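Colleague: I have a chain open and would like to go through it with you. Can we start with how you label things, then take the details in turn?

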Amino acid sequence: MVRCKWCNLKNDIYVEYHDNEWGILNLDEQYLYEMLILESFQAGLSWECILNKRENFKKAYDNFDIDKVILYNDEKINELMLNKGIIRNKNKIIYSIKNSIIFKEIQKEFGSFKNYLESFTKGIIFYENNFVKSSLSDEISFDLTKRGMKYVGSVIIYSYLQAIGIINSHDEICELNKKNLTN
């Protein structure tokens, strides 16, 4: 099978993610939250690095239970800082908690984070390649930053939108190959 050129075929976790998640629309609230937290940790790192630590993040972050994460205190922050299985950047850890609180506020304001995203996308799926940001990611990033989130720059948000399938950036040959396999 031919896959997108960025996919490291030697990493089964990466191949599984490419084949079964990336660019596939998933607007489940739990998934939207998990991906936003993971993407925020990606800042300055590779996505492959984050994926390799995903299971450790799930354990460390109580399976991404937002109601637990928003209650994390200094003791929990120190515990996370000692966890060699995750990214131990204190600012990212602190803002993962603050961003979780803001995520929850957005859910209350819009009824769901999905509804929040659709206020920007109008339910459209975007098919585009070879970009690292767009006017859509600029707009969402600006709004999240205005609300107080950190580590949500336009490049991170673009990557997030790809992860959740609002932006499908599979290489053309990869898309054709996937369609041929399903037919």
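Modeller: Helices here are DSSP runs of H or I with at least four residues, numbered from the N terminus. The model is predicted.

Colleague: Fine. Where does N63 sit, then?

Modeller: N63 is in the loop between helix 4 and helix 5, the latter being residues 66-69.

Colleague: What is the phi of N63?

Modeller: Near 55°, which is a positive value in a residue other than glycine. Most residues other than glycine have a negative phi.

Colleague: And F64, what about its phi?

Modeller: F64 is not a glycine either, and its phi is positive, about 55°. F64 also lies in the loop between helix 4 and helix 5.

Colleague: Is F64 buried or exposed?

Modeller: F64 is buried, because its relative accessible area is 0%, under the 20% cut-off. N63 has 52%, and over 50% counts as exposed, so N63 is exposed.

Colleague: Going back to helix 4, which residues does it cover?

Modeller: Residues 54-60, and R54 is in it.

Colleague: Is R54 buried or exposed?

Modeller: Buried, because its relative accessibility is 11%.

Colleague: Which residues does R54 touch?

Modeller: Leaving out residues up to four places away in sequence, R54 touches Y17, E21, Y31, E34, M35 and L38.

Colleague: Change of topic. How many disulfides does the structure hold?

Modeller: Zero. A disulfide is a covalent bond between the sulfur atoms of two cysteines.

Colleague: What is the nearest cysteine sulfur to C49?

Modeller: That of C7, 16 Å away, and C49 is in no disulfide. C49 has a relative accessible area of 24%, so it counts as partly exposed.

Colleague: And C174, which cysteine sulfur is closest?

Modeller: The one in C4, at 3.8 Å from the sulfur of C174. The cut-off for a disulfide is 2.5 Å, so the two sulfurs are too far apart for a bond. C174 counts as buried, because its relative accessibility is 0%.

Colleague: Now packing. At what angle do helix 2 and helix 8 pack?

Modeller: About 75°, with the axes 9 Å apart; helix 2 is residues 29-42 and helix 8 is residues 113-121. Angles from 65 to 115 degrees count as roughly perpendicular, so helix 2 is roughly perpendicular to helix 8.

Colleague: Which residues make the contact?

Modeller: On helix 2, E29, L32 and L36; on helix 8, F113, K114 and L117. By class, the contact has four nonpolar and two charged residues, with no polar ones.

Colleague: Zooming out, how many helices and strands does the chain have?

Modeller: The chain comes to 11 helices and two strands. The order along the sequence is α-α-α-α-α-α-α-α-β-α-α-β-α.

Colleague: What does the C-alpha trace span?

Modeller: About 50 × 35 × 25 Å along its principal axes.

Colleague: And how does the radius of gyration fit a compact globule?

Modeller: It agrees, because a compact globule with 183 residues would have a radius of gyration near 16 Å and the chain has 16 Å.

Colleague: Last one: what share of the chain is buried, and what share of contacts join residues at least 24 apart?

Modeller: Buried residues make up 48% of the 183. For contacts between residues at least 6 apart in sequence, 65% join residues at least 24 apart.

Methods
Residues numbered from 1 in each chain as written. Predicted model: local features only at pLDDT ≥ 70, side-chain atom pairs only at ≥ 80, totals over all residues. Heavy atoms only, no water. Buried < 20%, exposed > 50% of the residue type's maximum accessible area, 1.4 Å probe, protein only. Contact = heavy atoms within 4.5 Å. Axes fitted to C-alpha atoms, helices over the stretch in contact; angles between N-to-C directions. Parallel < 35°, antiparallel > 145°, perpendicular 65-115°, else oblique. Nonpolar A, V, L, I, M, F, W, Y, C, P; charged D, E, K, R; others polar. Rg over C-alpha atoms; globule rule 2.2 N^0.38 Å.
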